[in-house]
Amino acid sequence: MAFDLQQTGRMIDVSLVQTAVTMTQLDAMIEAAKKYRFIACFAMPCFTEYVAKALKDESDIKCCGVVGFPSGADLTVGKIKNAEDMLALGCEELDMVINVGALKSGMYNFVHDDVKAIVDIAGDVPVKAIIEQCYLTDDEICKASEIAVKAGVEYVKTGTGWGPKPTTTKTIKLIKKTIGDSALIKAAGGVRDLDTMIAMYNEGCSRFGIGTTSAVKIMEEAKARLNA
């Protein structure tokens, strides 16, 4: 299916998940989400309730939560509590970071059980497993994707955006080849313009985690092309 410029905002999870985010920046993200009708908003856990309340009358904009963010190295019981807290706030999706160190150590059952614990707690709420591809070899990206799908996630997500290397179209192609249609793909980290978004979409990516500034820029690019 060809990329639909009119639906650009409905593929963007707009986020402010950096360390030093201010309330002023959060308010700007919320207003941008309302203006451009982004499909979802993400903040760090301490600000998620604020975002949820600000969006309570916006039925088509989801407030979503992060779990084990950004390292993924929390105890599983800590991730479960984190997920329970986000669900109690009304989060409609959860993006959880897998245990990257365990994956790289070959502890595949541990990684699977860690992810599945959140999937089980979430119930009908979709879970996206963040594999943090910037730290992985191609073989590890494939293995992480396979484990996440086996654990029952809705999406394999490429990264937190905190890592040293951006997601590339090559990464999307590799994940898609590995998981086929058994789960969806979300790109995050390095999606800063419309052409990159379209290229990743064409390789099988259907959701995009993008910081507020870049998301607004992309929406303005899409608007300009529609009006050209």
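Colleague: In which loop does Pro70 lie?

Modeller: In this predicted model, Pro70 lies in the loop between β3 and α3.

Colleague: What makes the peptide bond from Phe69 to Pro70 cis?

Modeller: Omega of that bond, from Phe69 to Pro70, is near 0°. Most peptide bonds are trans.

Colleague: Why is Asp95 called buried?

Modeller: Asp95 has a relative accessible area of 0%, and buried means under 20%, so Asp95 is buried. Asp95 is found in strand β4.

Colleague: How do you know that the side chain of Asp95 makes a polar contact with the side chain of Lys128?

Modeller: The distance given for Asp95 and Lys128 is 3.0 Å, and the cut-off is within 3.5 Å. A further polar contact, of 2.7 Å, joins the side chains of Asp95 and Lys186. Beyond four places in sequence, the residues in contact with Asp95 include Phe42, Gly65 and Ile130.

Colleague: Why is Arg37 called partly exposed, and Glu132 buried?

Modeller: Arg37 has a relative accessible area of 27%; partly exposed runs between 20% and 50%, so Arg37 is partly exposed. Glu132 has 5%, and under 20% means buried, so Glu132 is buried.

Colleague: What is notable about phi in Arg37 and in Glu132?

Modeller: Phi is positive in Arg37, near 60°, and in Glu132, about 50°, although neither Arg37 nor Glu132 is a glycine. Most residues other than glycine have a negative phi. Arg37 is found in the loop between α1 and β2, Glu132 in the loop between β5 and α6.

Notes:
Residues numbered from 1 in each chain as written. Predicted model: local features only at pLDDT ≥ 70, side-chain atom pairs only at ≥ 80, totals over all residues. Heavy atoms only, no water. Helix = DSSP H or I, 4+ residues; strand = E, 2+ residues; numbered from the N terminus. Buried < 20%, exposed > 50% of the residue type's maximum accessible area, 1.4 Å probe, protein only. Polar contact = N/O pair within 3.5 Å; in protein donor to acceptor, adjacent residues only side chain to side chain. Contact = heavy atoms within 4.5 Å.
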